[in-house]
There are 2 protein chains.
Amino acid sequence: MLIVKKFGGTSVGDSDRIRNVARRCAEEYQKGNDVVVVLSAMGKTTDLLLDQAREINPKASKRELDMLMTTGEQTSVALMAMALHAMNIPAISLNAFQVSMQTTSNYGNARLKKIDTERILHELHDRKIVLVTGFQGINKFGDYTTLGRGGSDTTAVALAAVLHADACEIYTDVDGVYTADPRIVKNARKLEEITYDEMLDLATCGAGVLHNRSVEMAKKYGVTLVVRSSLNDSEGTQVKEEVSVERMLISGVALDKKAARISVMGLKDEPGIAFKLFNTLAKNNINVDIILQSIGRDNTKDISFTVDEDEADDAIALLENNKSRITLQSVTCKKDVAKVSIVGAGMMSNPGVAAKMFEALYNVGVNINMISTSEIRITVLVDQKDGEKAMNAIHEAFGLAE
Amino acid sequence: MLIVKKFGGTSVGDSDRIRNVARRCAEEYQKGNDVVVVLSAMGKTTDLLLDQAREINPKASKRELDMLMTTGEQTSVALMAMALHAMNIPAISLNAFQVSMQTTSNYGNARLKKIDTERILHELHDRKIVLVTGFQGINKFGDYTTLGRGGSDTTAVALAAVLHADACEIYTDVDGVYTADPRIVKNARKLEEITYDEMLDLATCGAGVLHNRSVEMAKKYGVTLVVRSSLNDSEGTQVKEEVSVERMLISGVALDKKAARISVMGLKDEPGIAFKLFNTLAKNNINVDIILQSIGRDNTKDISFTVDEDEADDAIALLENNKSRITLQSVTCKKDVAKVSIVGAGMMSNPGVAAKMFEALYNVGVNINMISTSEIRITVLVDQKDGEKAMNAIHEAFGLAE
């Protein structure tokens with residue numbers, strides 16, 4: 001078997017943790033398996049490097065930031081190789097140049113294009129554990145790039161895909177995907193399995209153990225992911241195309257407290273207005289989530305939407321500055337809101353799911369501000385103070401703890 | 001003009017120093033010159049990385065140590081690029097992969113074989129300052145190597161050679177090569193120029209501003225070196241093939257207090273004994289400096305030699321363990337000795353130099369333990385307590401302060 005394992009920054013945060021990860025990789029190796037390990041930069045390394053850069057140039061170029069950042073993962077893989085050697089396990093570290101991890105040319109947020117497997121296969125053939133730097137690539141100019149948020153997960157999934165690995169294990173500080181955040185819902189239950197689509201919707205709804213990009217890539221190439229804890233040996237959650245039919249309707253409830261609702265009133269009721277509005281936001285990199293349009297008075301319309309709380313002020317300022325062009329009369333913002341979502345591949349064929357969710361909220365006296373649905377997801381916007389109560393009520397109503 | 005500048009770890013030790021170096025490079029660039037800058041790892045970085053490695057594996061493999069160490073220079077060049085950008089100077093950082101800095105395969109102490117100038121020339125053509133990682137290379141396996149002690153100087157000289165640079169400036173914490181160590185000889189004078197051979201002999205005698213390897217390479221390829229201070233603008237010392245004939249006999253006096261004299265007595269007077277003795281030491285990486293052989297009693301011979309003080313105990317133990325094979329009767333060691341050397345290309349044609357040196361020592365009552373000479377160097381071994389007195393007396397006798 002060929003296993004790809006990915007460990008994040010916290011898992012390799014100090015010498016003891018590095019030794020701990022080395023031990024786990026050694027165990028896998030000693031079963032006779034081929035092992036490829038993808039590592040992120042150690043704990044706070046990335047932040048420290050960014051601080052150094054900021055001190056020298058607050059507007060450092062992305063190319064040079066990538067040149068700086070990529071030293072982080074290289075340090076991790078070199079130290080991990082040393083830890084494995086200390087246990088008498090053959091191992092070798094490789095960076096993006098050595099693997100030839102080719103990406104698009106945009107620094108700071110590149111996409112993987114092609115991975116040359118020759119060197120890795122050669123080292124596996126020599127019965128070595130191969131340690132690969134996550135997050136980093138090289139572009140057509142022969143320069144370092146980085147893959148942006150969740151980049152190391154993406155590296156691991158891509159390697160699993162091109163190496164036709166039997167499993168791709170993503171080690172995190174939680175031991176799997178839960179029906180709800182265990183810190184909020186006491187009897188939340190770990191899921192044995194979940195589909196790619198459900199995982200994607202959960203991530204979008206603020207319950208992101210995995211970054212969307214890596215899940216999308218896993219779905220595209222049919223790589224079965226396992227989300228596991230780097231601290232214990234529990235089984236984790238499998239993320240795959242289809243899950244057993246026996247599974248219940250809903251796989252989880254997600255809560256996102258960092259939402260803000262913006263309402264734009266008095267827009268002209270003519271074609272192209274919505275385009276102007278959202279294009280203005282998109283061009284300024286403001287991500288819009290739920291959108292709801294309603295009829296206003298006097299031949300105008302109102303549009304409400306949610307954005308990340310941190311981006312709310314920018315969005316408001318932007319809209320005020322483009323008031324006449326967008327034809328809006330007024331903008332209001334409500335920041336103390338939360339998004340509560342249920343996700344489940346089973347709900348497509350079960351019309352009663354939404355009603356059941358709304359009933360649960362009614363029973364605990366939670367008012368719904370907005371509603372948005374997709375094929376496998378229902379999201380409601382509630383007051384921020386009601387978020388946790390709503391989550392618990394829904395978790396209970398669908399019997400997710402059983 | 002194309003200028004290669006090399007700055008060591010202390011010169012880039014923190015943000016202020018990085019900005020200071022950036023300013024100097026910017027000034028050169030603004031004169032219209034092409035500028036290539038070679039950097040070492042920042043200040044204590046190398047030591048910190050080594051500590052991290054040692055904590056995880058005290059016997060870390062050299063390959064993985066090189067993988068770890070090379071992050072140091074990459075950090076320096078990326079930060080320097082950011083500093084230059086902050087001054088609106090176009091600049092780009094390149095590591096050993098990007099330059100294709102090809103070396104022999106031995107990790108930790110590789111030799112440069114070939115440098116691909118294409119990328120550097122391309123960036124210079126775009127009127128960018130090109131920042132290159134010193135000390136590091138890649139071998140035929142596509143792995144990082146490091147060049148060992150003085151590696152960044154070697155990188156700079158090699159780049160100056162392949163790029164046919166007009167000058168190769170080595171910036172250090174002293175502002176040139178002096179007739180003697182200014183901390184010991186108060187009126188020591190900075191030399192305007194010195195030959196490669198003199199520089200090599202000075203380095204061997206413990207007055208090493210430059211590492212031998214970089215001077216040897218400069219000599220081989222006819223690269224004129226300039227040793228300058230990174231802290232002030234003074235002219236520095238030129239190191240080249242020939243210096244003006246007007247120059248005096250002696251270019252400098254060097255003192256090495258870290259010597260130890262070992263005397264091996266009662267060796268059989270037959271062929272191959274000296275070979276056995278020094279081969280045993282060489283195989284154990286003990287460097288021998290001055291060697292002196294004399295006739296002992298009863299058909300035996302005695303051999304004395306000097307080694308680095310730190311290696312004296314190892315040398316003694318080694319000789320005791322091979323007593324019968326080497327046919328020695330006894331070994332003694334004197335650690336409180338110092339080597340005093342005078343170096344000068346002019347002494348070849350001046351027979352009176354040695355006599356003048358010995359006279360100077362006699363005048364201040366310094367006893368000579370051993371003498372060794374080369375074409376452009378005379379070294380004497382004296383008691384350690386006499387070292388500085390001897391140095392001053394010789395400096396005075398040859399009128400080096402004038």
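Start at the seam between the two chains: across the interface of chain A and chain B, the rule finds two salt bridges. Keep in mind that you're looking at a predicted model.

**Stop 1: a salt bridge.** Select R119(A) and D143(B) and show their side chains. They meet in a salt bridge, with 2.9 Å from N to O.

**Stop 2: the polar contacts.** Now turn on polar contacts between the chains. The rule finds 22 residue pairs in polar contact across the interface of chain A and chain B, both partners at pLDDT 80 or more.

**Stop 3: the chain A side.** Hide chain B for a moment and colour chain A by secondary structure. On the side that touches chain B, at least two residues each come from α1 (15-30), α2 (45-56), α3 (62-86), β3 (91-94) and α4 (96-99) of chain A. Which element gives the most to this side? Select α3(A): 17 residues on the side of chain A that touches chain B belong to it. Recolour that side by residue class and you get 21 nonpolar, 13 polar and six charged residues.

**Stop 4: the whole interface.** Bring chain B back and select everything in contact. You should have 40 residues of chain A against 40 residues of chain B. The area buried between the two chains is about 3200 Å², and carbon and sulfur atoms give 58% of that. Now pick I56(A), E64(A) and M82(A). This trio supplies 22% of the area that chain A buries against chain B, more than any other three residues.

**Stop 5: two backbone oddities.** Go to S100(A), in the loop between α4 and β4 (101-103) of chain A. Check its phi: near 60°, a positive value in a residue other than glycine. Is S100(A) buried or exposed? S100(A) counts as buried, because its relative accessible area is 17%, under the 20% cut-off.

Then hop over to R127(B), in the loop between α5 (118-125) and β6 (129-133) of chain B. R127(B) isn't a glycine either, yet its phi is positive, at about 60°. With a relative accessible area of 30%, R127(B) is partly exposed.

**Stop 6: inside chain B.** Last, select T379(B), which sits in strand β18 (residues 377-383) of chain B. T379(B) is buried, with a relative accessible area of 1%. Show side chains here too: the one on T379(B) makes a polar contact with the side chain of S341(B), at 2.9 Å. To finish, put a distance label between the C-alpha atoms of T379(B) and V37(B). These residues are 342 apart along the chain, and the label should read 37 Å.

Methods: Residues are numbered from 1 along each chain as its sequence is written. Chains are lettered from A and ligands numbered from 1 in the order in which they are written. This is a predicted model: local features need pLDDT of at least 70, side-chain atom pairs count only at pLDDT 80 or more; totals for chains, interfaces and linings use all residues. Side-chain values use heavy atoms; hydrogens and water are left out. Contact means heavy atoms within 4.5 Å. Buried area is the accessible area (1.4 Å probe) that two parts lose on being put together, summed over both. A salt bridge is a side-chain nitrogen of Lys or Arg within 4 Å of a carboxyl oxygen of Asp or Glu. A polar contact is a pair of N or O atoms within 3.5 Å; within protein, one must be able to donate a hydrogen and the other to accept it, and residues adjacent in sequence count only if both atoms are side-chain atoms. Helices (H or I, at least four residues) and strands (E, at least two) are DSSP runs, numbered from the N terminus. Ala, Val, Leu, Ile, Met, Phe, Trp, Tyr, Cys and Pro count as nonpolar, Asp, Glu, Lys and Arg as charged, and the others, Gly among them, as polar. Buried means under 20% relative accessible area, exposed over 50%, partly exposed in between (1.4 Å probe, protein chains only).
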